Every structure is written in structure tokens, then in C-alpha cells.
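Me: I would like to work through this model feature by feature, with the general idea explained before each case. Please take me through it slowly.

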Amino acid sequence: MSSMNAKGRPTGTGAETGFAPHETFTGNRGLVQEEPLIFELDSPGASGVDLDEPEEFAPRLGGVARQGRIGLPGLSEPEVMRHYVRLSQKNYAIDSGLYPLGSCTMKHNPRLNEKMARLPGFGDVHPLQPQQTVQGALELIDTLAHWLKELTGMPAVAMSPKAGAHGELCGMMAIDAALRARGEEGTRKRVLVPESAHGTNPATAAQIGFTVDSIPATEDGHVDVKAFKAKLGPDVAAIMLTNPNTCGLFERDIIEIADAVHEAGGYFYCDGANFNAIAGRVRPGDLGIDAMHINLHKTFSTPHGGGGPGAGPVVFSQALAPFAPLPWIVHEKGAYRAIEHEGESTGQPFGRMTAFHGQMGMFVRALAYMLSHGADGIRQASEDAVLSANYILASLKDVMSAPYEGPCMHEALFDDSFLKGTGVETLDFAKAMIDEGYHPMTMYFPLVVHGAMLIEPTESESKDSLDLFIATLRDLAESAKRGETERFSGAPYLAPRRRLDETLAARKPILRWQHGRNEPASKAAE
Ligand SMILES: *Cc1c(COP(=O)(O)O)cnc(C)c1O
């Protein structure tokens, strides 16, 4: 059941509880303003610009000229402005509050990075410009590549991949190319992936045509080394392992794992998206890793989320370096040159990942972050990220349940056993956080833990901010235990949209607005 507001839209479904705030005539709540689709705001004929009537002319389109309306909404300039500003205000962001989404490293994006990225020499370059006119941009890519190799202790890096998952694809394609060069592409088809892996890992392996074989986790949240060794054989191409892993723990047996996979003739892919916990402290190259992507948009603070651009450079060991994809930058005779074609060098590149060079804006931001922090600052950031997570874990362990004994790395993992018998589930708990003004943590991931709640506070939160967050979660946990289920079952009560039917949205998505045909999703759900 739902009631209608002034615009004939349903106002929140399932809101008929003691917690329902007043419904308003406009649909606005306080200063949170209701906003329809731009097509629903259409006033035919309205326009933000005055165009002159075209002079008489004879079309040369041979009768294929459009006859009907083009179908764009008519709005004035202030209406368009308000529409997009209102939408932007509905978007929770790291700039609006603590964003504890585990495995995502939602940390502050320093504004200095933005200033650098907007310098015309970086912001206005075009990838097809002659190389001698973009020497500074090439130098910047080369300098960033240098520091990525330095921080990881690896001899080569592919800069072009445009996200973490794209980096995984790049790394696994290099492994595939190395196996082909050995004549083993037909025999080594199996990739070992721990149960706790990020979902992109098995997806990447499968996409290239490998079969995925899962390695179980131990009671204490690590890779089961015995089970892993038992799975090694002449058909194993690689292991894909995350370190620190998605339970927020450091894989202590990583060198033993690297040695064993190499002895069996396979390669070691490491998912380095969690580099934020160890940058400046551990060099993955020293651990025996052959390929690893680095998410510049996580560890090196370039903005992401909501579809923002990513950048996932991949570092390679000596064994895989020759197969790295085009392009790369070389510095010779006092100039920078992008190697863009096979045959321009001695390597055996497997091809290329992108049309051009990668995400220039992200490169500038990441290098600005690195240079403004320095080696000591990067180490400090990692240490503070780990400290913040442990502070949360230690502060909440008595009211929320932690599946593994601490200390943790940069993420604190809880399970749902503290909610047993309360009638409140992980999902309800997370939705109640929205009413408190927090973006929820990562839920139901990693899969190895029941009702998982993965919290990554990052190093950029102040102690006051962490204390308020901890006090809020403590209040929610105690409220659930007192049986105040109403606070959770219908949450969020105070968000612009109430609890959505996520299953229906996934199963029957309405992807196209058609005049008069589309019902609001909540109505269709009834
Ligand atoms: C974020 C993340 C990825 C994927 O990175 P995208 O840039 O989102 O593609 C992969 N693995 C882990 C562990 C991650 O945290």
C-alpha cells in the first residue's frame, strides 16, 4: 500500500509504521527535494536558448529527414540546472560523509590532485597529438610508472588498463601469452582462486577461457595452504590471490604459496586492489608475485564510485615483462617516446588493452598524490588505514561479532551472529545506517562469512569521525538486541527513496522511459 503525493507519485511503500515521517504535499522532505525524471519535467516548446528561425532551404536528404518530434524534453535553463543539482545532492559521496564500503577504499581525494589534473597541459591534451607536442604528458606517465615499479619492487608495468578488473584481464592475458610462448596453452587450463576472492577474479579467469578451481579457506580466514598444494599439477596455469585478503587479513603463507605455484610451473597473479594497507611497507615483488593490478582510484586517491573513471595499472615480474601489452613509454636521447606498435621493441606484447594510453587524468592525480605524500607519507597512510580499521574492530567487538581474531589489516570484518534471534538481518542493519546518515558497509561479502559486514574506514577519517561512527553502530547493535525491530524492518525511513525491491529491479529492470508507459518502480512492485 502507498499513498500519493501532489504529483500523483507514491510516497514510500510500507511506511505505515510509527516511524513514518509526515508526507508532504510536494514530495520534498525538509530540504531534500523530490526530483522526477527529466523527461517527466518536459514542457513541449520550452527551451533554454533562443534559436533563429532557419531560412528557407532545400533539404538534400532525399526524403529521409525526420518528420516527428526528436523526443528531447523541453526545459528552461534554470529548470535543467536545478534538475542536475538536485540529482547530485541525492548522491552520497566521500565528500559528504564517512563511506565505509569495504574493499572499495573510499578515501579523501585531495583537492591538490584536482588542481594538477586541470592544468591545461594535462587537461587539454589529445591522444592523437604528435608525440613531440606532449612530451610533458609522456614524462608524467613514465614517472608514475617508475614509482609504481619502485613501490611494488617489480621491473615492468602496463599503464593502460582502465579499472581493477580490466587490470586482472591484462595480467591474465599476459600469463596466457607466456603459456603460449612455452607451448603450454592447451595443457595449462586451470586457475586456482581462493573462496574469499573478489568476484572479479574468477570472472576474469573464466573470460579468457580458463577453468576456475576454488581453494577453501581455513577456520581463521586464510588460504588453506595444504588444500592449495593438493590442487597443484601440470594443468595449473596460475593462482589468483588477494593480499591482504578480503577478510581483511594478511596472507602469512604467501611466500610458500608463491614458491609452490612456481615449482609446479604456474604463475602467481595477485589482486592488488588492497594495496592501500601495505603500500610503503611491503613490496609485492619480494613476495614472488608475477602480475598484480594496482587500483589508482583506491590506493592513490583518484575519485571513483558512481561510475567515475578508474585506472588499473599492472606490474609484472621478469618472467611476464616481455608479454606486457602496448603501449609503453621509453626515455632515450633526451626525449620521451610511446612505443605503440609491435616491432618497435624487442618484447612480445600480447596486444593492447585500450585504444590509447589509459586514463590521463587519473595518472596526474595519482602522481600528485604520491609526490605530495612522499615515501614516508605513503607508509604513514597505510599504517593509519590499518590503525583506523583496528580501532573500529576493537571498539565494537563486544557488541558486534567478529569471525576472526584480530588484529586486522585495513578492513574490519563482522558477521551476523550478534543479530541471531533479534529478527534483524545484515540487510536491515545496513539500511538502518542510512537513516543515521551513513552509507552502509559492504554486505554479504566475503562469501566465506555468514551475513558479512566489511568496514573499511580508510586513513582519511579523523578520530572524532571514527568515534561517532562507532557510537552509531553500537547504538544500532544494542537497539537490535533490545528488540526494537521496527527501527530496522522498514529502514531507511528518512532517505529520498525507501527500501527498493532489489530483486524485481534486477530481474525486470525498466531501462527505457516511454511516455505514459512507465510506472514508478515501487508502484510496479505492488
Ligand atoms: C575493487 C576491487 C576489484 C575491482 O576493481 P574495479 O576497479 O572496481 O574493477 C578487484 N579486486 C578487489 C579485491 C577489489 O577490492
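Me: Where is Pro327 placed?
Reply: Helices (H or I, at least four residues) and strands (E, at least two) are DSSP runs numbered from the N terminus, and in those terms Pro327 sits in the loop between strand 9 (314-316) and strand 10 (328-332). Residues are numbered from 1 along each chain as its sequence is written, and this is a predicted model, in which local features need pLDDT of at least 70 and side-chain atom pairs count only at pLDDT 80 or more. Totals for chains, interfaces and linings use all residues, whereas side-chain values use heavy atoms, with hydrogens and water left out.

Me: What kind of peptide bond joins Leu326 and Pro327, and which other backbone details should I look at?
Reply: The bond joining Leu326 and Pro327 is cis, with omega about -5°. A cis peptide bond also runs from Gly406 to Pro407, where omega is near -5°, and Pro407 belongs to the loop between helix 9 and strand 12 (412-414). For phi, turn to Thr105, which has a positive value of about 45° although it is not a glycine; Thr105 is found in the loop between helix 1 (77-89) and helix 2 (111-117).

Me: How should I read the packing of helix 4 and helix 9?
Reply: Two packed helices are described by the angle between their axes and the distance between the axes. Axes are lines fitted to C-alpha atoms, for helices over the stretch in contact, and the angles, from 0 to 180 degrees, are between N-to-C directions. Here the axes of helix 4 (residues 135-152) and helix 9 (residues 360-396) come within 10 Å and cross at roughly 45°, and the two helices are therefore oblique to each other (under 35 degrees counts as roughly parallel, over 145 as roughly antiparallel, 65 to 115 as roughly perpendicular and the rest as oblique). The residues in contact (heavy atoms within 4.5 Å) include Leu140, Leu144 and Trp147 of helix 4, and Phe363, Leu367 and Met370 of helix 9. The residues of this contact between helix 4 and helix 9 divide into 15 nonpolar, one polar and no charged, where Ala, Val, Leu, Ile, Met, Phe, Trp, Tyr, Cys and Pro count as nonpolar, Asp, Glu, Lys and Arg as charged, and the others, Gly among them, as polar.

Me: At what angle do helix 9 and helix 11 cross?
Reply: The axes of helix 9 and helix 11 (residues 463-481) cross at roughly 30° and come within 10 Å, and these two helices are therefore roughly parallel to each other. Ser388, Tyr391, Ile392, Ser395 and Leu396 in helix 9 meet a set in helix 11 that includes Lys463, Asp467, Phe469 and Arg474. By residue class, the contact of helix 9 with helix 11 holds seven nonpolar, two polar and three charged residues.

Me: Which residues make the contact between helix 5 and helix 6?
Reply: Begin with the geometry: helix 5 (residues 164-181) and helix 6 (residues 200-208) pack at about 45° with their axes 9 Å apart, which makes helix 5 oblique to helix 6. Their contact is made by Ala165, Glu168, Leu169, Met172, Met173 and Asp176 of helix 5, together with Thr200, Asn201, Thr204, Gln207 and Ile208 of helix 6. These residues of helix 5 and helix 6 comprise five nonpolar, four polar and two charged.

Me: Into which domains is the protein divided, and how do I read their interface?
Reply: Domain bounds come from an automatic or database domain assignment, which here gives domain 1 (1-39 + 74-108 + 382-526) and domain 2 (125-358). The centres of domain 1 and domain 2, taken over C-alpha atoms, are separated by 33 Å, and 23 residues of domain 1 are in contact with 26 residues of domain 2. Between them, domain 1 and domain 2 bury about 1,900 Å², 58% of it on carbon and sulfur atoms; buried area is the accessible area (1.4 Å probe) that two parts lose on being put together, summed over both. On the domain 1 side, Ser382, Tyr404 and Met409 lose the most area to domain 2, together 28% of what that side buries.
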